[in-house]
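Visitor: Could you take me slowly through one part of this model, and show me how its pieces sit side by side? I am new to it, so please explain the terms as you go.

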Amino acid sequence: MEDRVLIVDDDQGIRQTIRSIVEDLGYACDTAPDGQEALGLVESRRYLCVFTDIMMPRMTGLELIKKIKARDISIPIIVITGYASLEIAIDAMKCGASDFLPKPFKMSQIQILLNKMRREKTILEENRRFSDTLQLYRIIDNLKGQLEDKAREISSLKAISEKIVSLKGIRDLVGAIVDVSKQLIGNSEVKFYPVRGLPEPSRDNGPMPELQVPDELLAGKIVRVDNSFLDGERHFQTLFPLTIEGQVFGALDVRTETLLDEEAETKILYLLNRSAERMENVALYEGLYENILSTLRSMAKILDARDPHTSQHSTRVTNFSIAIANALGLSAEERDVLYIASSLHDIGKVGIPDSILLKPDRLTEEEFTIIRKHPDIGADILKQLPPMYRETEIIRHHHERYDGKGYPAGIGDNEIPLLSRIITIADAYDAMTSDRPYRKGLAVGMAVEEITRCAGSQFDPELARLFLHKVIGVF
Ligand SMILES: [Fe+2]
């Protein structure tokens with residue numbers, strides 16, 4: 001069934017704008033001019049989410065949020081807001097709104113919001129299959145986390161610019177802005193300064209007039225300075241503001257022999273505007289990624305809490321896996337993927353009933369069949385999250401065997417992703433050496449023997465050797 005979105009705003013123009021964006025993105029859409037009509041629609045149809053204005057005649061957006069939430073707490077509500085009304089947006093989050101859409105609207109922002117709602121809906125549906133307690137824990141955890149995150153996010157929009165400057169992606173972008181500007185204007189000297197760092201550039205650049213942050217720049221205007229009374233080749237300086245979320249976050253300092261003409265200024269402005277959009281997206285995306293990760297980690301914690309005997313299992317498997325990766329000399333990027341995949345390798349066990357997962361006796365063949373579904377369940381959960389596509393496959397194959405006799409796919413050898421083969425060894429070693437309710441863990445020597453015996457059948461023989469020599473310290 002197609003996902004349907006409801007837009008509530010007394011301004012017909014705004015309703016139409018959001019509607020056409022939402023429909024272009026492939027969603028069905030209803031609109032309502034006020035809260036009364038919106039409530040009628042929510043009664044009669046199921047919505048992926050509701051976008052609502054705050055200031056409306058007859059019923060305010062806040063009242064509408066409360067009424068919808070009283071009826072069905074799971075419908076996400078997004079508040080349409082201007083930056084002038086951040087306080088109101090915070091109030092709305094307290095009433096149960098899950099996000100906010102700042103004016104003016106951008107297609108990319110609406111798309112990110114809708115993707116997020118769709119993913120959360122899928123996770124929620126997935127969760128309905130899990131035990132009630134688990135679902136309750138997760139929803140509470142999630143809502144609490146969301147509320148805290150969002151309240152922080154809204155009330156500290158200023159901090160966003162500081163935060164994004166530390167992101168690797170953003171740094172690369174800044175480098176690209178400088179390079180492209182140099183290409184656009186030949187024979188120029190171009191530097192980028194975060195606004196707070198403005199007085200610093202003189203150090204590595206010889207004598208330069210000290211830069212003050214001019215008020216016009218802070219107001220988002222281009223500043224042109226004639227320094228021709230000074231010695232030096234490039235007498236003209238043009239400072240361009242880089243504006244993100246309405247706030248000046250940095251300045252591009254261009255030094256040239258002659259004053260820049262209008263065409264050159266326009267090109268640089270265009271470049272800066274596009275970069276600012278990109279930076280906003282990177283920041284939003286990274287924020288989203290972090291939220292997803294923290295949700296998954298809390299799921300993993302709930303999972304660990306179900307079985308006290310395995311409570312540290314994921315952590316130990318992660319530590320062993322990373323130690324193998326270090327011994328192999330894998331790149332930082334590979335290690336990041338491995339870190340997430342190994343911490344969440346058994347996440348699919350949230351779909352296995354307690355009666356089987358915690359059974360102290362031997363499992364029946366039928367019960368084994370159910371347990372064997374956990375790599376696929378885990379992969380299916382992560383599959384909903386586009387940034388996790390590599391982790392998804394690694395988790396799916398963490399119970400394959402080198403000889404092809406494992407599950408779920410029965411692939412072998414190098415067909416199994418390298419990172420899955422690493423997790424398999426770490427997982428098996430930890431399972432052998434830790435205590436279980438019905439047996440004590442094996443001594444290290446016996447576990448080493450077992451790994452050696454199964455190298456080439458269950459385990460990748462090279463990795464098994466590496467693990468024993470470099471990680472466990474057996475020679
Ligand atoms: Fe597993």
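**A sheet and its surroundings**

Guide: Let us begin with one pair of residues, for Ile 244 stands opposite Gln 247 in strand 9. What you see is a predicted model, in which local features need a pLDDT of at least 70 and side-chain atom pairs count only at pLDDT 80 or more, while totals for chains, interfaces and linings use all residues. Residue numbers start from 1 along each chain as its sequence is written. Strands (E, at least two residues) and helices (H or I, at least four) are DSSP runs numbered from the N terminus, and two strands pair if DSSP finds at least two bridges between them.

Strand 8 (residues 236–244) and strand 9 (residues 247–256) are joined by 9 bridges in the antiparallel sense. They belong to an open sheet of 4 strands, arranged in the order 6-9-8-7 with antiparallel pairing. Strand 6 (189–194) and strand 7 (223–226) stand at the edges, each with a single partner strand, so one side of each has no neighbour in the sheet. From one strand to the next, the twist averages 20 degrees, where axes are lines fitted to C-alpha atoms (for helices, over the stretch in contact) and angles run from 0 to 180 degrees between N-to-C directions.

For a wider view, the protein chain holds 19 helices and 9 strands, and another open sheet, of 5 strands in the order 2-1-3-4-5, has parallel pairing. Its edge strands, strand 2 (28–32) and strand 5 (99–102), each pair on one side only. Within that sheet, strand 1 (residues 4–8) and strand 3 (residues 49–52) pair in the parallel sense over 4 bridges, and Val 5 has Cys 49 in strand 3 as its bridge partner. Helix 2 (residues 35–44) packs on this sheet, touching strand 1 and strand 2, and its direction makes about 165 degrees with that of strand 1; contact here asks that the C-beta atoms of two residues, placed from the backbone, lie within 7 Å.

The largest nonpolar core has 33 residues, and Leu 6, Val 50, Ile 77 and Val 79 are those with the most contacts inside it. Such a core is a set of buried Ala, Val, Leu, Ile, Met, Phe, Trp, Tyr and Cys residues joined through C-beta atoms within 7 Å, and a residue is buried if 20 or more other C-beta atoms, placed from the backbone, lie within 10 Å of its own, exposed if 12 or fewer, and partly exposed in between.
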